[in-house]
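Colleague: I should like to learn how to read a few features of this model. Could we begin with a residue at the surface?

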Amino acid sequence: MNKLAKLDRNYVWHPFTQMRDWLRREPIVIVAGKGPVLRDVAGREYLDANSSIWTNLHGHNHPRINAAIRGQLRKIAHSSALGLANEPASLLAEQLIKSVSRSLNGAADHPTALRRPPRVEDPGRLTSAATPLVGESRQPRLNKVFFSDDGSTAVEVALKLAYEFARRSGMSQSPRFLSVQGAYHGDTVGAVSLGHIDLFHKAYRGLLFPTDKVPAPYCYRCPYNRAKPERADARDYRQCRWECLGVLERKFARQKKKGNPYAAFVVEPLIQGAAGMIPQPPGWLSRASAVARDYGALLVADEVMTAFGRTGVNPGGRTDVRPPLFACQREDVVPDFMALAKGLTGGYLAMAATLTTERVFEAFLGEYHEFKTFFHGHSYTGNQLGAAAALASLELLSSPASIRARERLEGALEDELTSLWVNPHVGDIRRVGLIAGIELVQDWRTREPFDLRRRVGIRVCEALARRGVLTRPIGNVIVLMPPYCTTPLQVRCIVKALEAAIPEVLSARRNR
Ligand code: PMP
């Protein structure tokens with residue numbers, strides 16, 4: 001066994017990993033990367049089909065980001081944000097606010113105006129009649145940035161700010177949060193409290209504060225979807241009356257009746273990640289947000305996975321607008337808090353940001369002796385190397401070359417993934433922009449899931465690794481989310497590898 005692999009086995013405890021399984025085999029030790037390719041210590045090459053757990057945007061070893069980090073390193077790597085400002089963090093905060101303020105129609109500033117959610121194009125065959133009432137809602141404007149280290153801390157900051165804002169503004173003395181079934185917002189205790197994945201979260205119940213949940217619009221397994229399975233994305237053939245939104249509306253109404261309306265609604269916009277890549281049908285986000293606003297709740301958008309162009313290039317096929325960088329922008333939703341991490345630095349360094357509004361900011365202003373300060377912060381807050389990488393990444397994202405690459409990748413994913421429908425174990429293929437989830441089932445006609453103990457997703461990913469493709473499953477869902485520089489040919493290789501890996505694991509002979 002390679003020396004580094006031995007050291008890993010001797011000393012390293014890996015996240016979200018059953019270490020007994022890990023210790024049974026020699027780990028892949030990555031030593032280099034270039035573009036979408038990772039190279040291991042034995043010189044084998046792999047396509048990074050999940051962008052190193054959803055972080056990488058432009059590819060590994062990108063010359064522009066490398067140069068930005070080297071340039072910053074010549075000046076300084078880090079100085080504290082407690083008591084000091086710094087150059088790249090100030091510039092980055094401005095750029096983030098500018099890019100998040102761009103509305104769908106390309107206007108530089110999102111007006112603080114009364115808006116209606118966009119009209120819902122409704123593909124469901126039963127849907128025309130009943131959709132929940134949503135009222136007009138006032139959109140806030142994001143203009144402050146609080147830096148931290150990763151997705152969990154970005155959410156934790158939003159949670160604490162929302163909690164304290166709700167108390168100070170008189171909304172509630174015991175603010176209560178609502179989030180979505182299957183939600184995953186990180187692993188710190190506050191973020192776990194907002195999450196609803198029993199497998200991850202149940203063990204820590206005693207440590208958590210209670211939050212409520214509403215059904216996810218998981219069309220493929222939705223109890224309200226009357227459609228029989230088809231060989232298509234379940235959102236496209238669903239037959240429902242948006243009952244999930246009705247449940248959400250009633251949840252808000254009931255809580256209000258109790259005299260303590262929800263302080264905040266927390267959502268992963270357009271697609272829930274760790275829940276199993278659960279995409280929302282078009283219109284769900286704007287409608288759910290409008291309901292939350294109607295009931296006076298703050299809106300927390302966890303864009304840790306979805307930000308920075310991941311949700312695709314052309315909103316509704318439009319070619320006249322610059323592609324939105326954030327999922328919320330695709331449905332013209334402006335939250336009160338937006339959590340950003342993962343792709344913020346292009347996948348280079350641990351850095352995160354929580355964006356919020358002047359209104360929230362002002363609730364923390366006061367004379368020192370009033371102690372209204374937001375008493376929260378981390379040693380590496382506003383780190384210069386991370387901020388320099390993030391600035392370079394944002395610049396790359398706005399370049400025509402990057403937009404073309406994303407367009408190409410989106411088209412390639414759309415074309416190539418269709419070939420998987422012939423496999424009877426492929427139950428659902430769902431894609432939002434450059435994020436795809438392929439749900440494996442016993443038989444597509446019944447949607448019957450595999451027992452998690454059979455480790456079907458894990459075994460398929462192991463078979464993929466043997467074919468030079470790296471990704472991690474979420475239960476029985478195979479995630480494909482390659483870096484933006486992945487070529488159509490490389491997408492074909494990834495999908496071909498999956499085409500071969502599924503029967504290798506699930507053929508009748510080896511089906512146990
Ligand atoms: N929110 C979402 C939507 C995520 O997908 C994740 C990570 N998968 C997190 C929060 C937590 O991010 P991190 O792992 O960087 O703490």
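Modeller: The model is predicted. Tyrosine 11 has a relative accessible area of 68% and is therefore exposed, since the cut-off for that class is over 50%. Tyrosine 11 lies in helix α1.

Colleague: Which residues form the nonpolar patch on the surface?

Modeller: The patch consists of Leu4, Leu7, Tyr11, Val12, Val31 and Val41, which together have about 540 Å² of accessible area. Helix α1, residues 3-11, supplies the largest share, with three residues.

Colleague: How should one read the side chains of strand β7, and are they buried or exposed?

Modeller: In a regular strand, side chains alternate between the two faces of the sheet. In β7, residues 177-180, Phe177 and Ser179 point one way, while Leu178 and Val180 point the other way; all are buried.

Colleague: Which strands pair with β7?

Modeller: Strand β9, residues 264-267, pairs with β7 in the parallel sense over two bridges; there, phenylalanine 265 is the bridge partner of leucine 178. Strand β8, residues 212-214, also runs parallel to β7 and is joined to it by three bridges, with lysine 213 as the bridge partner of serine 179.

Colleague: How many disulfides does the structure hold?

Modeller: A disulfide is a covalent bond between the sulfur atoms of two cysteines. The structure holds zero disulfides. For cysteine 219, the nearest cysteine sulfur belongs to cysteine 240, 6.3 Å away.

Colleague: Why is cysteine 461 without a bond to cysteine 493?

Modeller: The sulfur of cysteine 493 is the closest cysteine sulfur, but at 17 Å it is too far for a bond. Cysteine 461 is buried, with 7% relative accessibility, and cysteine 219 is buried at 8%.

Note on methods: Residues are numbered from 1 along each chain as its sequence is written. This is a predicted model: local features need pLDDT of at least 70, side-chain atom pairs count only at pLDDT 80 or more; totals for chains, interfaces and linings use all residues. Side-chain values use heavy atoms; hydrogens and water are left out. Patches are made of residues with over 30% relative accessible area and no salt bridge: like charges are joined within 9 Å, nonpolar side chains (Val, Leu, Ile, Met, Phe, Trp, Tyr) within 5 Å. Accessible areas come from the Shrake-Rupley method with a 1.4 Å probe; for residues, only the protein chains shown count as cover. A salt bridge is a side-chain nitrogen of Lys or Arg within 4 Å of a carboxyl oxygen of Asp or Glu. Helices (H or I, at least four residues) and strands (E, at least two) are DSSP runs, numbered from the N terminus. Buried means under 20% relative accessible area, exposed over 50%, partly exposed in between (1.4 Å probe, protein chains only). Two strands pair if DSSP finds at least two bridges between them. A disulfide is a pair of cysteine sulfur atoms within 2.5 Å.
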